[in-house]
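Dear colleague,

Please find below the structure that I am handing over to you, followed by a summary of what was found in it.

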Amino acid sequence: MAQTNPGKDSQASEAKKLISLPTSRVRLIMKSSPDVSSINQDALFLTTKATELFVQHLALTSFNNGSGREANSLDYSDLAKTAEETDTFHFLTDILPKKILARDYLESLEQLQDEDADF
């Protein structure tokens, strides 16, 4: 006969109310690392909560520094600007690059090719 622990079940349901990111998705991302063989439930919860807090901090910082404050909105350009200008988020510049027009990109590519041809 298996016994259930009602205290543990209520703690688990309370913990799920404290986070808004799906733990199944976080588990999938954690499992994608070859170094991870098993994931403790506490580690999963803490990683999920830390990720959620990080995303909230990034969004709040981007909103406060961004241009959409008057319109009460947050745009991709605000996130990219924050990643580029803030030392804390500078590691995100590869993930959140500033958007450029294709015409501008092609011009810069041509300039690089011209410089390489000069050498």
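**Charged residues and salt bridges**

E84 counts as partly exposed because its relative accessibility is 42%. Please bear in mind that the model is a predicted one. E84 forms a salt bridge with K98, and the closest N and O atoms of this pair are 4.0 Å apart. The pair links distant parts of the chain, since E84 lies in helix α4 and K98 in the loop between α4 and α5, 14 residues apart. K98 is likewise partly exposed, as its relative accessible area is 46%.

A search of the whole structure finds 2 salt bridges. Another salt bridge joins E52 to K49, with 3.5 Å between the closest N and O atoms. Both residues belong to helix α3, which spans residues 41-65; they are 3 residues apart and therefore separated by about one helical turn. With a relative accessibility of 8%, E52 counts as buried, whereas K49 is partly exposed, having a relative accessible area of 24%.

In general, side chains of opposite charge can pair when their charged atoms come close. What, then, is found around D78, and how far away is the nearest side chain of opposite charge? D78 lies in helix α4 and is buried, yet has no salt bridge. The nearest side chain of opposite charge is that of K81, at 6.5 Å. A salt bridge requires a side-chain nitrogen within 4 Å of a carboxyl oxygen, so a pair beyond that limit is not counted as one. Leaving out residues up to four places away in sequence, D78 touches S62, G66, S67, G68 and S73.

**Nonpolar residues**

The largest nonpolar core has 5 residues, namely L58, A83, F89, L92 and L96. Apart from its neighbours within four places in sequence, L96 is in contact with L58, Y76, L79, A80 and A83. L58 and A83 are thus both members of the core and contacts of L96.

Which residues make a nonpolar patch on the surface? I100, Y105, L106, L109 and L112 make such a patch, with an area of about 480 Å². Within this group, I100 is found in the loop between α4 (residues 76-85) and α5 (residues 102-118). I100 counts as exposed because its relative accessibility is 55%, and the cut-off for that class is over 50%.

With kind regards

How values were computed. Residues numbered from 1 in each chain as written. Predicted model: local features only at pLDDT ≥ 70, side-chain atom pairs only at ≥ 80, totals over all residues. Heavy atoms only, no water. Core = buried A, V, L, I, M, F, W, Y, C linked by side-chain atoms within 4.5 Å. Buried < 20%, exposed > 50% of the residue type's maximum accessible area, 1.4 Å probe, protein only. Contact = heavy atoms within 4.5 Å. Patch = residues over 30% accessible without salt bridge, like charges linked within 9 Å, V, L, I, M, F, W, Y side chains within 5 Å. Areas by Shrake-Rupley, 256 points an atom, 1.4 Å probe, with all protein chains shown as cover. Helix = DSSP H or I, 4+ residues; strand = E, 2+ residues; numbered from the N terminus. Lys, Arg positive; Asp, Glu negative; His and termini not counted.
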